[in-house]
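Visitor: I've got a structure open and I'd like to talk it through. Can you walk me around?

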Amino acid sequence: MRKNKNILAILMSLFMVLSMLPVSVFAAETVTLDGKLKIHGTAMTESTLSAEFKEVKPEGLTEDSVNYVWSRLTPENEAAEKAGETPELKELGKEKTYKITADDVGSKIVLTVTGIEDKGFTGTLKATTDTVAEKTEVTPSETPAADAAEETASEENTEAALPEDTAQTSDSTAEDQNQDVQENTEAQTDETQQEIPEAAPAENTDTESGMTDQSQEVSETEVADQQETSENTDTGIPEATSDDNTDETAGTTAVDGIPAATEDGTYGNSAEESEQEDAAADETKQSDAGSEEAAVYYQASAVVGDGTAEVMDFGTVTEGQETSVEGQFVTVTNTGTGTLNFTGITPENFAVQDITSPLEPGQSVQLWVSPREGRSPGSYEDIITYTSEEGAEASFTAKVTVEAAQNSDSQDSDGQDNNAELPEVTPETQPGTPEETPEEPPEEPAGTDENTVTLLTSSESVEFTDKTPKTVTIKNSSETALTVKAAALNGNVTVTPASQMINPGESFDFTVTPTEVLDIETTYEDSISFTADEDETKAVTVKASIKIAAPVLTVDNPKLEFGKAVVGYAEAPKEQYVTITNTGSKDATNVAVTNSVTNFEFTLKDTVIPAGQSTTLTVRPVKNLSAKGDEYTDSFEISDAEGTNAVVTAYFTVEDASHLLNVYPEALNFASAKKGYGQISGQEFTVTNSGNMAETLIQPAANNFQISVVSADALNLNPGESVSFTVTPKTGLNPGDYSETVKIVCSTSNAEGSLKVDFQVVKGTASITKIQQPAEIKNLANGTKKEANALKLPSTVVIETTNGNMKASVTWDMKKCSYDASSTKAQSFTVTGAVTLPEGVDNDNKIALTTTVKVSVNAYSAKLASTDNNKITGIEYNGVYTTQSKISFTAIGAGMDNGSPKEEDTRYVPLNWTVINTNGWNAAPYTASFGLAQSGSYTLKVTFKQQKYSGSMWSDTGSYDTKQVPFSVTKAKVTAPGLDITPAANQKKPVKTGDNTPIAPFVIILIIAAGAACGVIVYKKKRK
């Protein structure tokens, strides 16, 4: 039993250890799904649907990176959603594809994909198909192709059956046909009293007009015959009529019991219409009896504008104003016999409208095209091709020339009155006036159906240069009240109200407003759809383009270093200049330094900085600052009327006066010379002003030595400057030892230095008997240069001769020395030198003229950064700001100025900062800006991490230090529209901190560990 207890204890310990593992063990970089998910396939029974990731971000997402859920959205579910409820959809499968069944008819299929976190993806995207219909078998009597197959056989009968004017219409020229369209449209306008008639598809205009005239002269039987035989000899598409009783426009024929669809999306006709259609269908079937079944084929055509131009030419536009160019339209027609499902396209240089709904045979759709923004000057030409899933293609060419901007003055981004009354649309003006044309032309001539659903918009596009709301007018030109829903595709704008009922013939102004989270000076695009609940296929789309114009202030020199000065300085350091540039597209007004600056004086040249221009800030320290242990620091917040700002930080140090002279080397030793010696080679020493005050030296002099004279200017030394002198023994000295200390003094202070000089004169010839070993040199600083003078090696050694001790010069062999000046470790080594005997000393005893000296260098004393030197600048301690303030600050880590680190050096690097949320830094500069929309008391905290230098790189030690600055925010009084600054700290979405760790594994481990602990307790109780 004891063994069982041990096993349970081990298991519990294991789970507890797992739960305490650091977050980094499970951390993984994840990407949130974005973009637009589409469903590939046709909403028809027996069709197989799959996900299309072409417009899903990130690019390159594979089908194995997400989980799939297919669901059924019934009409009852949709009604519940409209009522504000959240219905539970029936789940159909979790495979990558789904095959539509008969149970799905009348409903829509919803695909939900969710990123797999283990593969680095999170987030969810949804897509919904159109309403599912039953699969239909195409028969010769139900397709235009069948009629086309009989064209030759029935041509003579058709001409005989039709009145004379019909034959003339079919043979008329394009010019006559256009005139017929105009006359017919005007007649319909007068008859229906509609303010804005719907325009018929371009390809069928002629035949519709002709059939309208015929409907006034022929009987119902003749009309049925005409529907069977009247065909477009160019395309094989049957002619449509405007007669309600003979309506057989492509796509309206009932198939396999499914009633014909009307323009408002409803099914079923009146009893009279049904009887007429049944009779026509019976006659069609009888006339087609015995013929072979026509093959289904897929093809499409594209017509630019009104068909008079082969190329869609936008002419010349100014760089940056592409969106101000009026859009043009292209009409895509299904000229085949099968339904076409088009895929989305993204041309390189033009923005286009996708065909989102299936296109039935003979059906046309009108689509907008406009140049893309951001094109460099030059000419652009794209061949734009719409491709269906069935392989049909419709192509046309678009071109535009972009010229360089000549004037940076901002233009009116809207360029039109959104509230303007909708103009009347006629066939002559419709193709060339996109703003007056419905997004998708009706399948039938305007006015042929009392329940025709038509929505018109005052503008096909709307542009924003600020966050001021704009209106889009939607008109209901039908004869029934419509409930219009508004929705923005990308969420970059909001539309209010989201839904509105519009009475027949009336208009309503929807308000469109850019969202608050949009960044300034960044281009965003969105697509707003206005859809009638009564027929969702009749949607009007308005393109929104947003680029919030605002000043953006930048500085070229954010850090001003003024060096050091001594207390009592008469003249402040020279001024420095900062260039402030407005890189935004809007003028910056009321520019000023908005915070308190006490240690520096400044001048701001201009208070208005036009877009793209600059001004100058002049800064210098004030006079008579007292000495302090730390440097003076002030941050300049340069702000404008809209709260845009930039930060400049100035640094200046004031020290107490210091007078210090440094003499190097401290001693000069000359070799002994025989009486009557000639000129002795001189040796040099240097005097350095190591204090912080300017000094004036007095020319040094000695009794038995000659010291070179320098100019008076050379004797004036500023802090850090040096002057060198040469010392030579005087000639004619009698035998003896000459040792002297030379004083170096100043005339401006009591600072002084000293130099010891030795020289010996001997009587006559002598013979060397021994070379004395030089004294060991100890405790040299680590990193001392590998030079004889730097290592304090003597220039002479003492030799013993028959005439007494003398000094001989020595030359040290530094190349063969083992000393490594770059090492931080303690070193002890020996240096060998060659001895040169003085004049008159012989080496009769053949003594080796070499000597050695021992030297020791201390280990490196690491530069250990102090937490006291971690700082936060740019934000005032207990400072008061407003909700319109943009607060900027800089974090300065101790030891970050160590440009030549050595092993064991330490420093502190800014890691992250916190106000409400935590935000991290990855690299310098360690600056940040934020604003707060709520008043209150806050604390800015900055965390610094300690690092140690290994000799080749900095590594984290695991030690941290935190500095904090309290401040408060008060509510700003807003008197005019301006830039709303809402920082990351107040956004609803969390701020990214760099830790993408999934928390689920930890929760599971903790639950298991808790369960194990409870098991042990229960087991022990049972044992007791």
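Guide: Here is a short tour by way of the core, some strand pairings and a few salt bridges.

Visitor: What should I know about the model before we start?

Guide: This is a predicted model, so local features need pLDDT of at least 70, side-chain atom pairs count only at pLDDT 80 or more, and totals for chains, interfaces and linings use all residues. Residues are numbered from 1 along each chain as its sequence is written, and side-chain values use heavy atoms, with hydrogens and water left out.

Visitor: Okay, which residues of the largest nonpolar core touch the most other members?

Guide: Those are Phe685, Val687, Leu697, Val727, Leu755 and Phe759, out of 28 residues in that core. By nonpolar core I mean a set of buried Ala, Val, Leu, Ile, Met, Phe, Trp, Tyr and Cys residues joined through side-chain atoms within 4.5 Å. Buried is under 20% relative accessible area, exposed is over 50%, and partly exposed is in between (1.4 Å probe, protein chains only).

Visitor: And which strands each supply at least two residues of this core?

Guide: Strands 36 (661–664), 39 (683–689), 41 (705–707), 43 (722–729), 44 (736–745) and 45 (752–762) each do. Strand 45 gives the largest share, four residues. The strands here are DSSP runs (E, at least two residues; helices are H or I, at least four), numbered from the N terminus.

Visitor: What is Leu755 in contact with?

Guide: Leaving aside neighbours within four places in sequence, the contacts of Leu755 include Val663, Phe685, Val727, Val742 and Ile744. Glu666, Glu740 and Thr741 are also among them. Contact means heavy atoms within 4.5 Å.

Visitor: Switching topic. How does strand 59 pair with strand 60?

Guide: They pair in the antiparallel sense over 13 bridges, strand 60 being residues 954–970. Two strands count as paired if DSSP finds at least two bridges between them. One bridge pair there is Phe944 with Asp961 in strand 60.

Visitor: What's in the turn of that hairpin?

Guide: Four residues lie between strand 59 and strand 60, and Gly951 in the turn has a positive phi of about 110 degrees. Strand 59 (residues 936–949) also pairs with strand 56 (residues 906–914), antiparallel, over eight bridges. There, Val909 has Lys945 in strand 59 as its bridge partner.

Visitor: There's a sheet with strand 12 in it. What order do the strands run in?

Guide: The order is 12-14-16-15, an open sheet of four strands with antiparallel pairing. Strand 12 (300–304) and strand 15 (350–352) stand at the edges with a single partner strand each, so one side of each has no neighbour in the sheet. Neighbouring strands are turned by 30 degrees against each other on average, direction ignored. That angle uses axes that are lines fitted to C-alpha atoms (for helices, over the stretch in contact), and angles run from 0 to 180 degrees between N-to-C directions.

Visitor: How many bridges join strand 15 and strand 16?

Guide: Three, in the antiparallel sense, with strand 16 covering residues 364–371. Val352 has Val369 in strand 16 as its bridge partner.

Visitor: Now charges. How many salt bridges does the structure hold?

Guide: It holds 22. A salt bridge is a side-chain nitrogen of Lys or Arg within 4 Å of a carboxyl oxygen of Asp or Glu. Lys467 forms one with Glu516, with the closest N and O atoms 3.6 Å apart.

Visitor: Which parts does that pair tie together?

Guide: Lys467 is in the loop between strand 20 (461–464) and strand 21 (470–476), and Glu516 is in the loop between strand 25 and strand 26, so the pair ties together parts that are 49 residues apart in sequence. Glu516 is partly exposed at 45% relative accessibility.

Visitor: What about Thr515, buried or exposed?

Guide: Thr515 counts as buried, at 14% relative accessibility. Thr515 sits in the loop between strand 25 (507–514) and strand 26 (523–532). Not counting residues up to four places away in sequence, Thr515 touches Lys467, Gly491, Asn492, Val493 and Thr494.

Visitor: Any other salt bridges to look at? What does Lys485 meet?

Guide: The side chain of Lys485 meets that of Asp533 in a salt bridge (3.5 Å, N to O). Lys485 is partly exposed at 30% relative accessibility, and Asp533 is partly exposed with a relative accessible area of 24%. There is also a network of salt bridges linking Glu571, Glu575, Glu601 and Arg620.
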